[in-house]
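Reader: I have just opened this one and would like to be walked through it. Could we take it topic by topic?

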Amino acid sequence: MKTLIKNGTVVNSTGTATADVLIDGERIAAVLAPGSTLLGFDVERNVDTVIDAAGKYVIPGGIDAHTHMQMPFGGTEASDTFETGTRAAAWGGTTSIVDFVVQYAGENVLDQYHLWHEKARGECAIDYGFHQILSDVQDSSLVAMDELVKEGVSSFKLFMAYKGVFLSDDGQIVKAMQKAATNGSMIMMHAENGSVIDLLVQQAIEAGNTTPYYHGLTRPWQAEEEATHRAIMLANLTGAPLYVVHVSAKQAVEQIAIARDRGQNVFGETCPQYLYLSLEDQLGASSDEWGSFEGAKWVCSTPLRSKAEGHQHHMWQSLRTNDIQMVSTDHCPFCMKGQKDMGLTDFSKIPNGIGSVEHRMDLLYQGVVDKQISLERWVEVTSTTPARMFGMYGKKGVIQPGADGDVVIYDPNGHTSIGVDKTHHMNMDYSAWEGYEIDGHVDTVLSRGKVVIDNNQYLGAKGDGKYIKRGLSQYLI
């Protein structure tokens, strides 16, 4: 099948141009000036499908490099399966995800990797890759890191929080970083001081402070800044590249910026929730149905920060200055009924996670409309940098010949209303983005040349997605 997307404005991270995009099979074959005869024949007459993108943006498909489909957590499992979650992603203009293989203490790393392949194989609507979570870093874990790099898993996530679940001590972290420094892989870090948080949570519960609001107060920005600094120092010691996930505190950004100014390979991601949502408005929310437990809808870690302290403003600024390089979702959805309500009388028992994989591209485009970021920066932080950061660029993250035909046609004159009864395809019983209005619309989505979303219809199928065997990071200094 040959498809021609004509008359659109092609937007890459490096600039925009009025151009036609020819897709042959699964890949982009050419990017041409409108009406070009460069190929020696009338292109439009020699294709199977013509899509007119006049007045619209033609951008590389979004890459969400931080998702948790079917993730076991807190006695339950994330409510989106690989099938439902990747379908929702496609609706929102995301054509690739990188999900996390989970390894709890005592489990064999490679066994878990193969288990996640079994979960995802034949289920995904879009292409997918994997990061590997490491908890207790055993000698076998270090051997597995080398094996996984060969398998296309070139990034490993460690935790400085969640004692008895995911937490690695500093010695274990150093061992993993030493290995990463030799095999070229990326260390990803959940940077929060778990011991301090555990103490503050215990004290809050004992004092009778059990509502979701206290989830935010017991995970203070100081715990995030300290852990971020510590992770940077350990990476500096070992020479490993470091990627700090879901950065929410402006003080943590400052630590990343200092390290980058020294020339260290340190990177940070933030998430839509840290750009828009807050401790006061969401974690402190109340409703007729749930009372003060309404805030459970937005319990995630790192937590939503105080808008009075200016964290949200600083996150947008950090995207402009490249102190933060990209935006992922940390998509880890749970329903209120039967999952989040496990913590009705104790906020520490609320499963941590927000569902956003469907809305990331729209929410960041609203930042363009609001003049927070440029059009090109929108593409950069949602597609190009994720591709470069995690070894996919050239194949993903760009509109150019030879790249996969992952293309989104986005209408800046369209409109998207987010809400459970409006735009909501994730497998959860509420929307963390209820009532948000977006001045733009995802019109058409192609995944490796196949139209999977068009005219508000889903045309794809589970199993359309293929595993992405990633290389090493293409973003290192």
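Reader: Let me start with the cysteines: how many disulfides does the count come to?

Author: Before anything else, please keep in mind that this is a predicted model. With a disulfide taken as a pair of cysteine sulfur atoms within 2.5 Å, the count comes to zero. Cys124 is in no disulfide, and the nearest cysteine sulfur to that of Cys124 belongs to Cys332, 16 Å away.

Reader: And is Cys124 buried or exposed?

Author: Cys124 is buried, as its relative accessible area is 0%. Cys300 is in no disulfide either, with the nearest cysteine sulfur, that of Cys271, lying 7.8 Å away. Cys300 is also buried, with a relative accessible area of 2%.

Reader: Okay, moving to the interior, how many residues does the largest nonpolar core have?

Author: The largest nonpolar core has 132 residues, and those with the most contacts inside it are Ile187, Met189, Leu242 and Trp378.

Reader: Which residues is Met189 in contact with, leaving aside its neighbours within four places in sequence?

Author: With those neighbours set aside, the contacts of Met189 are Leu158, Phe159, Met160, Ile173, Met177, Ala231, Leu242, Tyr243, Val244 and Val245. Apart from the largest core there is another one, made of 15 residues that include Ile51, Val58, Ala403 and Ile409.

Reader: Now the open spaces: what volume does the largest pocket have?

Author: The volume of the largest pocket is about 420 Å³. It is lined by 19 residues, of which Phe73, Tyr162, Asp198, Arg219 and Ser348 are the closest to its centre. Helix H5, residues 194–206, gives the largest share of that lining, with three residues. By residue type, the lining of the largest pocket divides into nine nonpolar, five polar and five charged.

Reader: How much space lies in the second largest pocket, then?

Author: The second largest pocket holds about 170 Å³ of space. Among its 14 lining residues, Trp91, Thr423, His441, Val442 and Asn456 are the closest to the centre. Strand E19, residues 441–447, provides the largest share of this lining, namely three residues. The lining of the second largest pocket divides into three nonpolar, eight polar and three charged residues.

Reader: Which cavities are there, and how many are of 30 Å³ or more?

Author: The structure holds two cavities of 30 Å³ or more, and the largest cavity has a volume of about 160 Å³. Of the 16 residues lining the largest cavity, the closest to its centre are His68, Tyr162, Ser301, Asp330 and Asn352. The lining of the largest cavity divides into eight nonpolar, six polar and two charged residues.

Reader: What lines the second largest cavity?

Author: The second largest cavity, with about 30 Å³ of space, is lined by Pro60, Lys395, Lys396, Gly397, Val398, Asp404 and Asp406. This lining divides into two nonpolar, one polar and four charged residues.

Reader: You mentioned Ser301 at the largest cavity; what is the peptide bond from Ser301 to Thr302 like, cis or trans?

Author: The bond from Ser301 to Thr302 is cis, with omega near 0 degrees. Thr302 sits in the loop between helix H10 (279–283) and helix H11 (311–321). As a general point, most peptide bonds are trans, and most residues other than glycine have a negative phi.

Reader: Where, then, is a positive phi found in a residue other than glycine?

Author: Asn456 has one, with phi near 60 degrees, and Asn455 has a positive phi of about 55 degrees although it is not a glycine. Asn455 lies in the loop between strand E20 (450–454) and strand E21 (457–458), and Asn456 lies in the loop between E20 and E21 as well. Asn455 counts as exposed because its relative accessible area is 58%, over the 50% cut-off, and Asn456 is exposed at 53% relative accessibility.

Reader: Back to helix H11, which of its residues are buried?

Author: The buried residues of H11 are His311, Gln312, His314, Met315, Trp316, Ser318 and Leu319. After H11 comes Asn322, which has a positive phi near 65 degrees.

Reader: One last thing: how far apart in space are Glu206 and Ala120?

Author: Their C-alpha atoms are 42 Å apart, while Glu206 and Ala120 are 86 residues apart in sequence. Glu206 belongs to helix H5 and counts as exposed, at 60% relative accessibility.

Conventions: Residues numbered from 1 in each chain as written. Predicted model: local features only at pLDDT ≥ 70, side-chain atom pairs only at ≥ 80, totals over all residues. Heavy atoms only, no water. Helix = DSSP H or I, 4+ residues; strand = E, 2+ residues; numbered from the N terminus. Buried < 20%, exposed > 50% of the residue type's maximum accessible area, 1.4 Å probe, protein only. 1 Å grid on protein atoms, 1.4 Å probe; cavity = no way out; pocket = protein on both sides within 12 Å on 5 of 7 lines; lining within 4 Å. Points joined across faces, edges and corners; volume = space filled by probe spheres on them. Nonpolar A, V, L, I, M, F, W, Y, C, P; charged D, E, K, R; others polar. Core = buried A, V, L, I, M, F, W, Y, C linked by side-chain atoms within 4.5 Å. Contact = heavy atoms within 4.5 Å.
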